[in-house]
Amino acid sequence: MEGQKEAIIKVRNLSKSFGGVRALNHVSFDLLEGEVMGVIGPNGSGKTTLVNLITGFLKPDSGEVFFKQMKLTGLPPYQIADLGVTRTFQIVRPYLSLRAFKSLIVPLWSPRARRFASSRGGDRDAVAIDLLEEVGFERDAYVPYKFASALPLGYLKRLELARCLALRPEVIVCDEVFSGLSMSEIASMLPLIERLHMKGVTIIMIEHRLRELFRVADKLIVLDFGEKIAEGEPDQVMQDEKVKRAYLGEDIGL
Amino acid sequence: MNREERRKERLDRGIKARTEGLYAISSWREVGYLLAPRAGLIIGLLLLPLVVPGLYWQRVLGLAGVYAMLALSFDFLAGRVGLVCIGGAFMIGVGGYISGGLNYYLKLPVALTIPIGTFGGALLCTLLWLPCLPLRGIYFAVVTFMFPFLVSSIILAGGLLGSTEGLSPIAGFSNIWIGVYLIISLLLLAIFGLRRLCGEDIGVVFASVKDNDQAVLASGINITRVKIYALFLATSIGCFAGAFLTHFSGFAGISLFAVDFSIMPIAACIMGGPGTMAGPVLGAFILAPLSEFLRGFGQLRVVLYCLVLVAFILFKPEGLLSWVARKYHQIERWVKV
Amino acid sequence: MDIFIYGIVNGMTFALMAVGFSFVYGISRLPNFAHGALYVVTGFITWSFINNTGLPYWLSVILSLLIVFLAGVAIYQFVMIRVRGMPISEIIVSFAIALAILEGLRLQGIGGFKGFIGPGYVLPRFIDGVVDTPWVTIDLQRLLIIVVGLFLMGFMWLFTHYHKIGLALRAMAQHERAALMLGINSDRMANIALGIGSALAGLAAIAIMPLGNINCESGYSVLTNAIAVCVIGGLGSWVGTILAALILGLGTTVMSAIGGTMWNNVLVFGLIILILIVRPSGLFGQQKELEERV
């Protein structure tokens, strides 16, 4: 194998409580560059809290997050995104007053995107349309020109991914990007994730849809009541007794 | 059944080939159709000082211009960036006192005091309101509303800057028409400039901050910095109005912080058409002269303002300009079914 | 020492003024900026009953409180209900109504209505007489304010914790959706809340106005004071309200003693702004969401 790769994301002892409720309890893991890691667990196990803590939308009570030796904990979200660690939102709220391609102007306007400015110069509109095409908005059907509020959920989820891509990310944290989508919509999104994987982007996927997740994930961690109860390759994790008990009553459907 | 039923039919007038905001123009007549109302309003505004009878009404026009600038600034911040700032009086006071003070104490000429008052005031206002920016909508509004009261009570309590009598005399414009046309032309410039700005990329960022600031944060943008840009722009407009006012009226006093300057622009904005930027200006030019007309009725005019304001908020929140524009583009009529 | 006692009295005055506003905002999230106007209106209505129609004090008070209660309900039912949910519009609309009322009371010459201007309007004191304490002589009316204030707070606390309607109102404040699902009629509750809030404003007027005279300017200062108490003390906490009121009361009394009454305003506004910037949910506030979300 190649020499010992340094983990691109290191999470150490992350903990967070809300009032009396412990959302995360000393969660730690390492993520290598280019890996796709799934985060699964029953409802309320702290998955979205984990996303918020990593990407700066919440401050942890204790613990640290490192991205390539840089400490992320304590930084505001826009700075974390500026470093290349991006996220999608579980509940997509598009900019109501903007058209789909205009929504991408926002991340393209950011300092990070400007550092990576392409040869198209100042024409962000064109870059935006290209980006949308990359995530599957059919240019000929003029889908990019529709108002974001008029698009179906499948497109909105891709818009979220496009938003991240506009920042030339090194890490994308997808918060339940498959939720609410139909089987065919998910089927058409999987190739996109795979493409990103092949480009070398590190992806963390919080998901409920296990069958689809297993198609792309290199490894999994399982959370339950804020604790990490298992970590490893999908097959071995799903055999784990603790994991089965956590999902007791739920059909895993492998 | 022998009942006649009616329904409202809406016919599009003018250009048939159009969609949300975009028009396919195919003739000069259609260009005229689009330009006419806009040109009409602009030309009307420019001609207004010429047709107005007498010095008194010229003064009213100048005052209307001041209110219009405030209404514009409010509409820009609230409608395009999502920052509801009810501190109009603060901007007028700061711009006015800086400008007036420079002229009164240092004898600087008007050509210098107004720019310094405008941008220096904007700097001051932005810096002072900086810590308030992270606040949620309603609290930001309340805080900005309180600032003029705080400063005016400091001035009164400390006996600073002329206290209750204010500073006077302050140099004015050599000809009242210079003053009136100065503010009107700058007003038109501001409307065009702001609308243009909102069409640029940064305008898109403003709109996104208003719609969903979490997503903007996740896009790697420091929203506080974006809000600062917008705030500086808006306070420049407001402080200019203040600087203009002191020279126009030859006086700088506590009245610059009057609550009128915070409330009237909101009324003008809501009445004229929030979000359109030209609407609030229209509203100001209607309300200001109206309030002069009603001066004879004493306090009744305030009562009337308020009732009109409430009526508009409750029943016609889209405002006059949007309403007129809608009527212009569509004819409604009752048609038998 | 007398500063201390007067400070407490002042504090209670602030508390009385704030109770109505805090109740309505804490319960129905409605910023009732007509609070100050309702305060003043109660004063004038009571005065009119006593002087123009010769009704006894008791009856006038009760009648005017009833009228103000209904006024509050009317304001909600006809106006606020349409702008519910848009906080800026709620503020603007209620403030516009306040302005209309306050300036309307100053009208002159419309149909013979002479308008309420000038210092001649005084409400009779509830209790006359003074009490001599070892430190300072204090009049009973002022003591009454403290008593009324404490009593009111206690009553409101009991009401919202034990009475059916009070509990319903608290439920609405905590989680409107859940309350709706339990069959609590949001609009009717808001109506009641606004009515009670207005009546509380009126009660404050009855207790406080005898100390001075009735004038329209106090409408604005009452509103400001109420906002100050709510902001500094935080919403949803009676403890916070009392503490904030005491801070303001003592603070202004000390200010007046040191620098003169001019600086009172500076103190009040300065504190409001400071707290809003540093700790927007107030010293004891329950609503942490008012801090920036990140």
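Here are some worked exercises on a predicted model, covering sheets, helix packing and a chain contact.

Ground rules: local features need pLDDT of at least 70, side-chain atom pairs count only at pLDDT 80 or more, and totals for chains, interfaces and linings use all residues. Residues are numbered from 1 along each chain as its sequence is written, while chains are lettered from A and ligands numbered from 1 in the order in which they are written.

**Exercise 1.** Work out the strand order of the four-stranded open sheet in chain A, and find its edge strands.

*Solution.*
- Strands are DSSP runs of E with at least two residues, helices are runs of H or I with at least four, and both are numbered from the N terminus.
- Two strands pair if DSSP finds at least two bridges between them.
- Going across this sheet of chain A you get β2-β1-β4-β5, with antiparallel pairing.
- β2 (21-32) and β5 (70-71) of chain A each pair on one side only, which puts them at the edges.
- Zoom in on β1 (residues 7-18) of chain A: eight bridges tie this strand to β2(A), antiparallel. Ser17(A) sits opposite Arg22(A) of β2(A).

**Exercise 2.** Do likewise for the six-stranded open sheet of chain A, then place α1(A) on it.

*Solution.*
- The order is β6-β7-β8-β3-β9-β10 (chain A), and the pairing is mixed.
- Its edges are β6 (85-87) and β10 (227-232) of chain A.
- From one strand to the next, the twist averages 15 degrees (angles run from 0 to 180 degrees between N-to-C directions, with axes fitted to C-alpha atoms, for helices over the stretch in contact).
- Inside the sheet, β3 (residues 36-40) and β8 (residues 202-206) of chain A run parallel, joined by four bridges. Met37(A) faces Ile204(A) of β8(A).
- α1(A) packs on this sheet and touches β3, β6, β7 (171-175), β8 and β9 (219-224) of chain A, at about 150 degrees to β7(A).
- Helix α1 (residues 47-54) of chain A also lies across β1, β2 and β4 (62-67) of chain A, at about 65 degrees to β2(A).

**Exercise 3.** Describe how α1(C) packs against α8(C).

*Solution.*
- The axes of α1 (residues 2-28) and α8 (residues 186-208) of chain C come within 8 Å and cross at roughly 175 degrees.
- So α1(C) is roughly antiparallel to α8(C) (the cut-off is over 145 degrees).
- The contact (C-beta atoms, placed from the backbone, within 7 Å) includes Leu16(C) and Phe23(C) from α1(C), and Ala193(C) and Ala204(C) from α8(C).
- Its residues split into 17 nonpolar, five polar and no charged (nonpolar is Ala, Val, Leu, Ile, Met, Phe, Trp, Tyr, Cys and Pro; charged is Asp, Glu, Lys and Arg; the others, Gly among them, are polar).
- Leaving aside neighbours within four places in sequence, Ala204(C) contacts Leu16(C), Met17(C), Val19(C), Gly20(C) and Tyr39(C).

**Exercise 4.** Sum up chain C and the side that touches chain B.

*Solution.*
- Chain C has 11 helices and two strands.
- Of its 294 residues, 49% are buried (20 or more other C-beta atoms within 10 Å of the residue's own).
- Among contacts in chain C between residues at least 6 apart in sequence, 74% join residues at least 24 apart.
- Next, the neighbour: 33 residues of chain C contact 32 residues of chain B.
- α4 (87-104) and α11 (262-278) of chain C each supply at least two residues of that side, and α4(C) gives the most, with 12 residues.
- By type, the side of chain C that touches chain B has 24 nonpolar, five polar and four charged residues.

Key
Two residues are in contact if their C-beta atoms, placed from the backbone, lie within 7 Å. Angles under 35 degrees count as roughly parallel, over 145 as roughly antiparallel, 65 to 115 as roughly perpendicular and the rest as oblique. A residue is buried if 20 or more other C-beta atoms lie within 10 Å of its own, exposed if 12 or fewer, and partly exposed in between; C-beta atoms are placed from the backbone.
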